[in-house]
Amino acid sequence: MISEFPHLIDLNDYPVSWWNGLLDLGEKILQNPALYANSCKGKLMGTLFYEPSTRTQMSFQTAMLRLGGTIIGFDNPSTSSVAKGENLKDTTKIVSGYADVIVIRHPTAGAAKAAALTADCPVINAGDGGHLHPTQTLTDLLTLKVEKKRLSGLTIGVCGDLYNGRTVHSLCKALSCYPNNHFIMISTKELRMPSYIKDAISAGGGTYEETESLEAVMDKLDVLYMTRIQKERFASEEEYFAQKDTYILTPKKMQLANPDMIVMHPLPRVDEITVPVDDDPRALYFKQAKYGMYIRMALILTLLQSTRKTELLKGKEHMGIVCDNEKCITHAEPYLPKSFTGRDTLLVCEYCDHRLLLRH
Ligand code: NCD
């Protein structure tokens, strides 16, 4: 299914040259934001936030306001018709009739793609469950471009909840498309990076290793990307408490790192980075959050000027087959076409990237 609009659901739907253009524009805006103050005058952005957010929502909103546009939306679905049982299709259809661009965050994997299927304007994925978070990745890439002056030849340590953390999923997928990047995945056995992301890294040309020890790899890193244990995505409190506090970055551990290593974190921080680390000049997470506003300005501007179409569904339905990932949007929104790529015994859900092994 090809949509008439330029959506951003997964960064990998676009070529790296497009990301680079966006990053160049983001850097230009960062250097002189006043120049862009009227670039989106008369345009309106709708933000549909079905899940809590501070940075992503506010940076999108300020981005649009700083471009001269206006904003509508909700950040609490219980105050909208969602509370009356309205489905995602209807909410998106209606809001896309009011707005020129929609930004959606949702607790369910594949929700942004599902919204794009019906929207009459571009849709931007601001996080779909534990799946992807492409605009956080654009934020991270701009941070690396400005602060490390390169997006290649990096050793990146990603640490924490690699299983549920959508930011590290999108980031590793994207960075593996630049040459000579190596990922060191630091997590417990339970919270390892999903295999579909590891396969995407290898397909992109990146390399990776997995470890349980942060201390053991600190001195190898150019970048340490810390993440929060995603409490809301655990089946029970016990499982969460078993993982909590496994990795805590302290000034003592920072002594093991190279003088030019940088620490990033998508935020919010819970307790995986102690507050005294904030005073280390290598701690860049607050700066990183500000880069997010500039790259979102670049993204909004680019999508509103683009006439590009987006291929949303490339595969097909298979009689009676449904995705067996219970966190996939096709379960919550049963009217969606259950579309898969792949063939024979291995199908890949086009919403959540979950793999289905079929036995004939
Ligand atoms: C992240 C998210 O929502 O996935 N936050 C963000 O967008 N900056 C990370 C998190 O919630 O842990």
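This is a walk through a predicted model, from its ligand site to its cavities, two of its helices and a few unusual backbone spots.

Let's start at the ligand. Around it you will find Thr-56, Arg-105, His-133, Gln-136, Arg-166, Thr-167, Arg-228, Gln-230, Pro-266, Leu-267 and Pro-268. Some of these residues come with a polar atom pair worth displaying on your screen. Thr-56 places a polar side-chain atom 2.8 Å from a ligand oxygen atom. For Gln-136, an N or O atom of the side chain is 3.2 Å from a nitrogen atom of the ligand. Pro-266 uses its backbone instead: a polar backbone atom there is 2.9 Å from a nitrogen atom of the ligand.

Gln-230, another of the residues around the ligand, deserves a closer look. Is this residue buried or exposed? Gln-230 counts as buried because its relative accessibility is 10%, and the cut-off for buried is under 20%. You can find Gln-230 in the loop that runs between strand E9 (223-226) and helix H8 (237-243). Beyond its neighbours within four places in sequence, Gln-230 is in contact with Asp-161, Asn-164 and Gly-165.

Leu-267 and Pro-268 also belong to the ligand's surroundings, and the bond between them is worth a pause. Most residues other than glycine have a negative phi, and most peptide bonds are trans. The peptide bond joining Leu-267 and Pro-268 is cis, with omega at about 10°. Pro-268 sits in the loop between strand E10 (262-264) and helix H10.

Now for the empty space inside the protein. Rolling a probe the size of a water molecule over the atoms shows where empty space is left. How many cavities of 30 Å³ or more are there? The count is 3. The largest cavity holds about 90 Å³ of space. Its lining has 14 residues, and those nearest the centre are Thr-227, Ile-229, Asp-245, Tyr-247 and Glu-272. By character, the lining of the largest cavity splits into 6 nonpolar, 4 polar and 4 charged residues.

The second largest cavity, with a volume of about 50 Å³, brings back some familiar names. Its lining consists of Arg-55, Thr-56, Ser-59, Gln-136, Thr-139, Pro-266, Ala-289 and Arg-296. Among them, Thr-56, Gln-136 and Pro-266 also surround the ligand. Helices H2 (55-66), H5 (134-147) and H10 (285-305) each supply at least two residues of this lining, and H2 gives the most, with 3 residues. The lining of the second largest cavity comprises 2 nonpolar, 4 polar and 2 charged residues.

Next, follow two helices. In helix H4 (residues 111-118), 8 of the 8 residues are buried, and these include Lys-113 and Thr-118 alongside Ala-111 and Leu-117. The elements covering the buried residues of H4 include strand E1 (2-3), helix H3 (88-98), strand E4 (101-106), strand E5 (123-128) and helix H11 (329-332). In helix H7 (residues 195-204), the buried residues are Tyr-196, Ile-197, Lys-198 and Ile-201. Their cover includes helix H6 (166-175), strand E7 (182-186), strand E8 (207-211) and strand E15 (355-357). After H7 comes Gly-205, which has a positive phi near 105°.

Two residues that are not glycine have a positive phi as well. Lys-149 has a phi of about 65° and lies in the loop between H5 and strand E6 (155-159). With 66% relative accessibility, Lys-149 counts as exposed. Asp-353 has a phi of about 70°, and its place is the loop between strand E14 (346-349) and E15.

Finally, compare two pairs of residues, starting with Leu-44 in strand E2 (residues 44-49). Leu-44 and Thr-70 are 26 residues apart in sequence, yet their C-alpha atoms are 4.8 Å apart. Besides Thr-70, the contacts of Leu-44 outside its sequence neighbours within four places include Met-64, Ile-72 and Tyr-98. For the other pair, Gly-315 and Pro-281 are 34 residues apart in sequence and 48 Å apart in space, C-alpha to C-alpha. Gly-315 lies in the loop between strand E11 (310-311) and strand E12 (316-317), and counts as partly exposed because its relative accessibility is 32%. Not counting residues up to four places away, Gly-315 touches Ser-339, Phe-340, Thr-341 and Glu-350.

Notes:
Residues numbered from 1 in each chain as written. Predicted model: local features only at pLDDT ≥ 70, side-chain atom pairs only at ≥ 80, totals over all residues. Heavy atoms only, no water. Helix = DSSP H or I, 4+ residues; strand = E, 2+ residues; numbered from the N terminus. Buried < 20%, exposed > 50% of the residue type's maximum accessible area, 1.4 Å probe, protein only. Contact = heavy atoms within 4.5 Å. 1 Å grid on protein atoms, 1.4 Å probe; cavity = no way out; pocket = protein on both sides within 12 Å on 5 of 7 lines; lining within 4 Å. Points joined across faces, edges and corners; volume = space filled by probe spheres on them. Nonpolar A, V, L, I, M, F, W, Y, C, P; charged D, E, K, R; others polar. Near = heavy atom within 4 Å. Polar contact = N/O pair within 3.5 Å; in protein donor to acceptor, adjacent residues only side chain to side chain.
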